[in-house]
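Trainee: I have a structure open and would like to talk it through. Can we start with one residue and its surroundings?

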Amino acid sequence: MREAIGLTKGISVNIADDISIRLPEFDAEDVVVVASPVYGGRIPSIVADVLKRLKGNESKAIALAVYGNRDYDDALLEITDIISQNGFAVLGAGAFIARHSIFPNVAAERPDASDISKLEYFARKCMEALGSERMNALQVKGNRPYKNYGGVPLHPAGKRALCHSCGECSQKCPTGAIDSESPWLTDNKRCISCGRCIHVCTHGARSYGGLKYGLIGKMFSSAFSKRKEPEYFL
């Protein structure tokens, strides 16, 4: 989980660094951007738990879901439902594409210039809605009840020969799935397959791999490499 952010008054909060973090307080003058990665068509449960602690107090909000070119399914609806129920007025909601976190050859160059242009257009339309005296109820694609997500059978593993035991992956793992004493090991029961440990390791000691990963990767790439475009709702 690289990013799960709320913005207020120029302040960013990345809950991946600390899911128990004390959240900012908002008021009617704030505009809050809430973004989450998508796993299996849902937002991660640890992100949902944090968002449920977020109180709007009539603040305006923009919801963003980021997914790896398969589908965002019910994730964007889930974000907007949670923040709407917590006192936010949602100006707009968008689903954008980034490189897949497990199979990085899928959407490898995303977001690209076209994505950025569409994101900028979406932001402008949200700001126009902010100045409107009347806001229409937002209709976001998705289904209730949300789809069930049972996780994936793939988890990053460490290479002991490359590991420097610096502890960075252990410190940055949002679910505590990596023991600081043996950081080349992964607790697969805790791991949510976000790949953050791979991203933060400067020694290249952690990665996905193995026969199962290779086979699933070929099938996934074949099924989901066709370009998808951002979608947004205003």
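Mentor: Take Leu76, in a model that is predicted. Leaving aside neighbours within four places in sequence, Leu76 is in contact with Ala63, Leu64, Ala65, Ala93, Gly94, Ala95, Val140 and Phe233.

Trainee: Which residues touch the most other members of the largest nonpolar core?

Mentor: Leu76 is one of them, along with Ile43, Leu51, Ile79 and Ile83. That core has 40 residues.

Trainee: Which element gives the largest share of this core?

Mentor: Helix 2 does, with six residues. Among the other elements that give two or more residues are strand 4 (60-67) and helix 6 (211-224).

Trainee: New topic. How many disulfides does the structure hold?

Mentor: Zero. For Cys163, the nearest cysteine sulfur belongs to Cys169 and is 6.1 Å away.

Trainee: And why is Cys173 without a bond to Cys194?

Mentor: The sulfur of Cys194 is the closest cysteine sulfur to that of Cys173, but at 6.2 Å it is too far for a bond. A disulfide needs the two sulfurs within 2.5 Å.

Trainee: Is Cys173 buried or exposed?

Mentor: Buried, at 16% relative accessibility.

Trainee: What about the rings, how many aromatic pairs are there?

Mentor: The count is nine. Tyr67 and Tyr72 make a tilted pair, 5.5 Å centre to centre with 50° between the planes. Phe220 and Phe224 are also tilted, because their planes are at 55°, with centres 4.8 Å apart.

Trainee: Where do Phe220 and Phe224 sit?

Mentor: In helix 6, four residues apart, so about one helical turn separates them. Phe220 is buried at 12%, while Phe224 is partly exposed at 27%. Ring pairs link both into a cluster with Phe103, Tyr208 and Tyr213.

Methods:
Residues are numbered from 1 along each chain as its sequence is written. This is a predicted model: local features need pLDDT of at least 70, side-chain atom pairs count only at pLDDT 80 or more; totals for chains, interfaces and linings use all residues. Side-chain values use heavy atoms; hydrogens and water are left out. Buried means under 20% relative accessible area, exposed over 50%, partly exposed in between (1.4 Å probe, protein chains only). A nonpolar core is a set of buried Ala, Val, Leu, Ile, Met, Phe, Trp, Tyr and Cys residues joined through side-chain atoms within 4.5 Å. Contact means heavy atoms within 4.5 Å. Rings of Phe, Tyr and Trp (its six-membered ring) pair if their centres lie within 6.5 Å; planes under 30 degrees apart count as stacked, over 60 as edge-to-face and the rest as tilted.
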